[in-house]
Amino acid sequence: MNATIDKNWVDVLSALLTPTIAIAGIAIGCLQWRINQKRLQNELFNRRIDLYEKITSYIANILTRGSVENGADTQFLRNTKQAVFVFGKDIEEFVNEIYKKSLDLNLVNAQVQPIQDEHLSKQRCIKKWFENELNNAQKRFIKYLKL
């Protein structure tokens with residue numbers, strides 16, 4: 001009788017082994033998927049924060065110097081060309097607007113005529129735009145930079 005009870009337990013445990021292994025496999029697969037999702041989210045965050053820093057540094061440099069360094073506008077475009085892939089359309093448009101404003105500032109600064117009130121007014125207006133955008137950059141990017 002003892003041998004029958006032991007055999008029954010072995011049969012029950014053998015029958016439970018396959019579903020247990022299947023459940024463990026499913027659990028491991030789910031955990032791996034979740035880890036991969038977090039890794040991808042982290043990589044996207046790293047790319048976004050890098051672009052955010054490049055954009056805000058560019059604006060800060062303009063405000064510090066009062067002008068756009070020679071070739072910096074072209075370098076800005078190169079550094080931010082992937083913004084379309086990691087941010088929404090709003091940031092892509094923002095990057096384009098920054099570039100256009102920096103060209104406008106270059107144009108105003110390059111005018112060879114004597115400095116006039118109109119020239120200074122345009123220059124102040126453009127610099128004020130950059131200052132406002134730098135101050136509001138965090139608000140603009142916050143929805144993309146939350147983990």
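**Exercise 1. Decide whether F141 is buried or exposed in this predicted model.**

Solution. Start with the relative accessible area of F141, which is 0%. Buried means under 20%, so F141 is buried.

**Exercise 2. Classify the ring pair that F141 forms with F87.**

Solution. Take the distance first: the two ring centres are 5.2 Å apart, and the cut-off for a pair is 6.5 Å. Next comes the angle between the planes, 80°. Planes over 60 degrees apart count as edge-to-face, so F87 and F141 form an edge-to-face pair. Now place the partners along the chain: F87 sits in the loop between helix 3 (83-86) and helix 4 (89-110), while F141 belongs to helix 5, 54 residues away. Both F87 and F141 are buried.

**Exercise 3. Work out how the rings of Y52 and F141 are arranged, and where the two residues lie.**

Solution. By the pairing rule, the count is 6 aromatic pairs. For Y52 and F141, the centres are 5.0 Å apart and the planes meet at 70°, so this pair is edge-to-face. It joins distant parts of the chain, with Y52 in helix 1 (residues 2-65) and F141 in helix 5 (residues 117-141), 89 residues apart. To finish, check Y52 itself: its relative accessible area is 18%, so Y52 is buried.

**Exercise 4. Find which residues form one aromatic cluster with F141, and which ring R140 lies over.**

Solution. Gather the cluster first: F141 is joined by Y52, F87, F94 and Y144. Then turn to the charge: R140 lies over the face of F94, 3.8 Å from the ring centre. The ring under R140 is thus one of the cluster members, F94.

Definitions and conventions. Residues numbered from 1 in each chain as written. Predicted model: local features only at pLDDT ≥ 70, side-chain atom pairs only at ≥ 80, totals over all residues. Heavy atoms only, no water. Phe/Tyr/Trp six-rings, centres within 6.5 Å; stacked < 30°, edge-to-face > 60°. Helix = DSSP H or I, 4+ residues; strand = E, 2+ residues; numbered from the N terminus. Buried < 20%, exposed > 50% of the residue type's maximum accessible area, 1.4 Å probe, protein only. Lys NZ or Arg CZ within 6 Å of the ring centre and 35° of its normal.
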